[in-house]
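Hello,

Here is the structure I promised to pass on. Please have a look at it first, and then read my notes below.

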Amino acid sequence: MSETLRTTDVVTSDAGLLDRTATAVRAAGAALRERFGEVVRYETREELMHALAANDSTALDILRPRLTSLRPEAGWVEDELDGGALPPGEWWVVDPAEGNVNHLHALPEWAVTATLVRENQPVLTVVHLPLTGETYTALTGAGAHLDGRPLHVSGTADLGLSIVATSQARPDEDEKVVRHVGSSITAMLFDALVVRTAVPATLHLTNVAAGRTDAFWQFAGARADLLPGALLVTEAGGRISDAEGRPWTPQSGSFLAAAPGVHTEAVATLSR
């Protein structure tokens, strides 16, 4: 699938658009890397939100003009915690500092992501890890790649031999979701080899796409958390559904990404 860019000086395919998006995401990542290294102290929720917003603004000041120039008529998702379907057309779904709270605590698990969604389907995505320099990309129908190398999900066919992972969708989740998360972790501790729990979701999903881990699940969630990894895992040969095995959409209340060989077992465990 190809499309002419709406700019006066560039005519390219979605593959070319992916390259330009990667350049913008790397530039934003470089700016955030310059801010990384010391633990940012805060004593109130207001101070925390201010520190998070400062990181977001640093990246968005680079991403917004560059991505808008690539797709001037595309919409822009303002709230990275939003979920649900998007209006018709093209939209940039961006998380300028995925794992922002980790960045503030001088933890290495954070990234910059940008995904172009067309008629509610992710078309291309870029996930850049500034501390390692790694860039994960996926283009619908063209596969998933890490720095140009093709990615493939795990060939594991036994959940009992699998490393699985989950993540907290957002702070202040309601009690029902929190208890559901806890019971699902308990179930996986019985059935899987190792269970990993950490934020952000996107980095777990890059590991599933790369075959390093075998499954990732999450209850609730946001478009910016899940769309990049969903496309990466799909293009790497994995299966995406909700936790009960039904087709996943951004309106779903749960999410599961898994290697094909363990998907059915993972659904059974999460459905107990």
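**Two loops with positive phi**

Asn120 sits in the loop that links β3 (111-118) to β4 (121-129). Helices and strands here are DSSP runs (H or I, at least four residues, for helices; E, at least two, for strands), numbered from the N terminus. Before going on, please note that this is a predicted model, in which local features need pLDDT of at least 70 and side-chain atom pairs count only at pLDDT 80 or more, while totals for chains, interfaces and linings use all residues. Residues are numbered from 1 along each chain as its sequence is written, and side-chain values use heavy atoms, with hydrogens and water left out.

Back to the loop: the phi angle of Asn120 is near 65 degrees, which is positive although the residue is not glycine. Asn120 counts as partly exposed because its relative accessibility is 26% (buried means under 20% relative accessible area, exposed over 50%, and partly exposed in between, with a 1.4 Å probe and protein chains only). Asp147 also has a positive phi without being glycine, near 50 degrees. Asp147 belongs to the loop between β6 (143-146) and β7 (149-150), and with a relative accessible area of 40% it is partly exposed.

**A histidine in β4**

His128 is part of strand β4. Is His128 buried or exposed? With a relative accessible area of 6%, His128 is buried. Its side chain makes a polar contact of 2.9 Å with the side chain of Thr135. By polar contact I mean a pair of N or O atoms within 3.5 Å; within protein, one must be able to donate a hydrogen and the other to accept it, and residues adjacent in sequence count only if both atoms are side-chain atoms. Not counting residues up to four places away in sequence, His128 touches Val25, Arg26, Gly29, Ala111, Val112, Gly133, Glu134 and Thr135, where contact means heavy atoms within 4.5 Å.

**Two helix pairs**

Two packed helices are described by the angle between their axes and the distance between the axes. The axes are lines fitted to C-alpha atoms, for helices over the stretch in contact, and angles run from 0 to 180 degrees between N-to-C directions.

Helix α1 (residues 14-34) and helix α2 (residues 45-70) have axes that come within 9 Å and cross at roughly 160 degrees. Therefore α1 is roughly antiparallel to α2 (angles under 35 degrees count as roughly parallel, over 145 as roughly antiparallel, 65 to 115 as roughly perpendicular and the rest as oblique). Among the α1 residues that meet α2 are Leu17, Arg20, Val25 and Leu32, and the α2 side includes Asn55, Ile62, Arg66 and Leu70. Sorted by class, the contact of α1 with α2 has 12 nonpolar, four polar and two charged residues. For these classes, Ala, Val, Leu, Ile, Met, Phe, Trp, Tyr, Cys and Pro count as nonpolar, Asp, Glu, Lys and Arg as charged, and the others, Gly among them, as polar.

For α5 and helix α6 (residues 223-235), the packing angle is about 5 degrees and the axes are 8 Å apart. That makes α5 roughly parallel to α6. The contact of α5 with α6 has nine nonpolar, three polar and one charged residues. Thr202, Leu205 and Val208 are among the α5 residues involved, and they face a set in α6 that includes Ala224, Asp225 and Leu232.

**Around α5**

Just ahead of α5, Pro200 has its place in the loop between β9 (194-197) and α5. The peptide bond from Val199 to Pro200 is cis, with omega near 5 degrees.

Thr202 lies within α5 (residues 201-209) and counts as buried because its relative accessibility is 0%. Which residue shares a polar contact of 2.6 Å, side chain to side chain, with Thr202? The partner is Glu98. Leaving out residues up to four places away in sequence, Thr202 touches Thr113, Val127, Ala224 and Asp225 as well as Glu98. Thr202 and Leu226 are 24 residues apart in sequence, with their C-alpha atoms 6.6 Å apart in space.

**Two buried serines**

Ser184 is found in helix α4 (residues 175-191), and its relative accessible area of 3% makes it buried. Outside its neighbours within four places in sequence, Ser184 is in contact with Trp217, Phe219 and Leu270.

Ser254 lies in strand β12 (residues 254-258) and counts as buried at 8% relative accessibility. The side chain of Ser254 reaches the backbone nitrogen of Ala243 at 2.9 Å. Ser254 has Phe219 among its contacts too, along with Gln218, Ala220, Ser241, Asp242, Ala243 and Trp248, again leaving aside neighbours within four places in sequence.

Best wishes
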